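Q: I am new to this structure and would like a close look at a single part of it, and then at whatever can be linked to that part. Please go slowly, and say how far the model itself is to be trusted.

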Amino acid sequence: MTTAATHRAPEVAARPTRRGTRLAGAAVLAALVAFALLEGLLGSADPAAQDLEAALTPPGAEHFLGTDPFGRSMVARLGAALRLSLLVSTACVATALLLGTGLGVLAAWRGGWTDRCLSTVVNLLLALPGLVLILLVAALAPGSLPVLYGAIALVLWIEYFRVARAVAAPAIRSPAMEASRLLGFGVLYRFRRHVLPVLLPPLLAQAAFGAATAVMALASLGFVSVGLQPPTAELGLMMVELFPYYRAAPWALAQPILALSLYLLALHLLAGDRER
């Protein structure tokens, strides 16, 4: 009895820390979302409007976060870039989650040729690095947001498929599932009762990681100038435009870097805190 209680003590003590980590991630993410939405609703500056006479103006009363080399408001551009990142990451994760989870559960449920065929497709896609695959698809229509969204979602769904297939297979073959089948319960009930509860925790964690991957992919494409094109406000593209002025205006370059870092940190805190 004493030994069991001793082993449980570290786990119980660690729960407040994990909960605090999750709350910290949620708070940072909520702050970024609030900034992006409030800037879009209340901001008066056009993120693409240029004023060369005000180029690289330091933060002050007139320009709260200063201006970029073209005199464009950094507040407006940062807000627009965050809204774009939130939109793309949410759309990519939603698409990949539905597609990957659906196919993963189908492969585990049906087995046989269905499982082998879907697993073969996934293995073929895994043979090519994700970023390279995104670059190849993005090259078909440079600067097209729908194409970039499709390319990122095409890479993300693979992980949801693997997680869903691995987690769903034991639940589908469990005695409880067999008992429900023998009692005459339908497929939808059996899925909701026996499979969905074990799927949700790992899929929610994967969704947070997937959103971080989507944002990083979008920023990476912008950083190497093969993603969205100017004058679009996008975090990676903003870094490229501001990098030559890192000595004259380090505060300007730091803003998209800090925004991207905080967004990724918030998502990883939310994902990494999930109990396995």
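A: Pro231 sits in the loop between helix 7 and helix 8, and in this predicted model the residue is joined to Pro230 by a cis peptide bond, with an omega of about 5 degrees. The form of this bond deserves a remark, since most peptide bonds are trans.

The loop that holds Pro231 also holds Val226, and here the flanking elements can be given their limits, helix 7 covering residues 187-223 and helix 8 covering residues 235-242. Val226 is partly exposed, because its relative accessible area is 33%, a value that falls between the limit of 20% for buried residues and that of 50% for exposed ones. Together with Leu131, Leu135, Phe223 and Val224, Val226 makes up a nonpolar patch on the surface, and the accessible area of these residues together is about 410 Å².

Following the chain out of this loop leads into helix 8, where Glu241 is found. Glu241 forms a salt bridge with Arg72, in which the closest N and O atoms are 3.2 Å apart. This pair ties together distant parts of the chain, for Arg72 belongs to the loop between helix 1 and helix 2, and 169 residues separate the two partners. Are Arg72 and Glu241 buried or exposed? Both of them are buried, and for Arg72 the reason can be stated, because its relative accessibility is 2% and buried means under 20%.

Arg72 has another partner, Asp68, and in that salt bridge the closest N and O atoms are 2.7 Å apart. Asp68 likewise lies in the loop between helix 1 and helix 2, and it counts as buried because its relative accessibility is 2%. If the neighbours within four places in sequence are left aside, the residues in contact with Asp68 are Ala55, Leu56, Met74, Arg77 and Leu242. Through salt bridges that share partners, Asp68, Arg72, Arg77 and Glu241 are joined into one network. The structure as a whole holds eight salt bridges.

One of the contacts of Asp68, namely Leu56, deserves a look of its own. Leu56 is placed in the loop between helix 1 and helix 2, and its phi is positive, at about 55 degrees, although the residue is not a glycine. This can be set beside the general pattern, in which most residues other than glycine have a negative phi. Leu56 counts as partly exposed, because its relative accessible area is 22%, whereas Asp68, with which it is in contact, is buried.

Elsewhere in the chain there is a salt bridge whose partners lie in one helix. Glu178 and Arg181 meet through their side chains at 2.5 Å, N to O, and both belong to helix 6, residues 175-182, where they are three residues apart, or about one turn of the helix. Unlike the buried pair of Arg72 and Glu241, these partners are partly exposed, Glu178 because its relative accessible area is 35% and Arg181 because its own is 42%.

Aromatic side chains form pairs as well, and a search of the whole structure finds three of them. The pair of Trp157 and Phe161 is edge-to-face, because the planes of the rings stand at 75 degrees, with the ring centres 5.9 Å apart. Both residues are part of helix 5, residues 145-172, four residues apart and thus about one turn of the helix, and both Trp157 and Phe161 are buried. Phe243 and Tyr246, by contrast, form a stacked pair, at 5.5 Å from centre to centre and with 25 degrees between the planes. Phe243 counts as partly exposed because its relative accessibility is 49%, and Tyr246 does so because its relative accessible area is 38%.

As to trust in the model, the mean pLDDT of the protein chain is 87, and 92% of its residues reach 70 or more. Confidence is lowest in helix 1, residues 2-42, with a mean of 74, and highest in helix 2, residues 74-110, with 94. Over residues 1-9 the pLDDT is below 50, and beyond near neighbours in sequence this stretch has zero contacts in the model.

Terms used:
Residues numbered from 1 in each chain as written. Predicted model: local features only at pLDDT ≥ 70, side-chain atom pairs only at ≥ 80, totals over all residues. Heavy atoms only, no water. Patch = residues over 30% accessible without salt bridge, like charges linked within 9 Å, V, L, I, M, F, W, Y side chains within 5 Å. Areas by Shrake-Rupley, 256 points an atom, 1.4 Å probe, with all protein chains shown as cover. Salt bridge = Lys/Arg side-chain N within 4 Å of Asp/Glu carboxyl O. Helix = DSSP H or I, 4+ residues; strand = E, 2+ residues; numbered from the N terminus. Buried < 20%, exposed > 50% of the residue type's maximum accessible area, 1.4 Å probe, protein only. pLDDT = per-residue confidence, 0-100. Contact = heavy atoms within 4.5 Å. Phe/Tyr/Trp six-rings, centres within 6.5 Å; stacked < 30°, edge-to-face > 60°.
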